[in-house]
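Open the model in your viewer and keep the sequence panel visible. The stops below go from the whole chain down to single residues.

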Amino acid sequence: MSEALEKFFHLKEHGTNVRTEIIAGVTTFMTMAYILAVNPSILGTTGMDAGAVFAATAIGACIGTLIMAFLANYPFVLAPGMAWG
């Protein structure tokens, strides 16, 4: 299985391995799940509709990630930021 993944994604060529990529994927998923849970909660306290904020966050993350994947060819996810200021 890992040999097939190596051949398909050229992991050694990119200086990584299957284990590192799995950890990165799980970490990325957990981060995105956190953003989808917390962003509507924070903005909901201002009177915004939490369901609409959730949908906008999810759609924005999807569009940003697809643009990053297909136009920039980078394995990064993008989502609306949560910052102080």
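**The whole chain**

Start with everything selected: this predicted model has 3 helices and 0 strands. Followed along the sequence, the order is α-α-α. The radius of gyration is 16 Å, well over the 12 Å that the globule rule gives for 85 residues, so the protein is more spread out than a compact globule. Its C-alpha trace spans about 50 × 25 × 25 Å along the principal axes.

Now switch on the surface. The accessible surface comes to about 6700 Å², and carbon and sulfur atoms account for 70% of that. Buried residues make up 14% of the 85 residues.

**Asn-17, between two helices**

Next, select Asn-17, in the loop between helix H1 (2-9) and helix H2 (18-44). Is Asn-17 buried or exposed? Neither label fits: with a relative accessibility of 39%, Asn-17 counts as partly exposed. Show its side chain, which reaches the backbone nitrogen of Thr-20 at 2.8 Å. Then add Glu-6, which is 11 residues from Asn-17 along the chain; their C-alpha atoms are separated by 7.6 Å.

**Helix H3 and its ends**

Select residues 50-72, which form helix H3. At 1.5 Å a residue, these 23 residues should span 33 Å, and the end C-alpha atoms are 31 Å apart, which agrees.

Color Val-53, Thr-57, Ala-61, Gly-64 and Met-68, the buried residues of H3. H2 is among what covers them.

At the N-terminal end of H3, Asp-49 acts as a cap, with a side-chain oxygen 3.2 Å from the backbone nitrogen of Gly-51. Finish at Asn-73, which follows H3 and has a positive phi, near 60 degrees.

How values were computed: Residues numbered from 1 in each chain as written. Predicted model: local features only at pLDDT ≥ 70, side-chain atom pairs only at ≥ 80, totals over all residues. Heavy atoms only, no water. Helix = DSSP H or I, 4+ residues; strand = E, 2+ residues; numbered from the N terminus. Buried < 20%, exposed > 50% of the residue type's maximum accessible area, 1.4 Å probe, protein only. Polar contact = N/O pair within 3.5 Å; in protein donor to acceptor, adjacent residues only side chain to side chain. Expected span 1.5 Å × (residues − 1). Contact = heavy atoms within 4.5 Å. Rg over C-alpha atoms; globule rule 2.2 N^0.38 Å. Areas by Shrake-Rupley, 256 points an atom, 1.4 Å probe, with all protein chains shown as cover.
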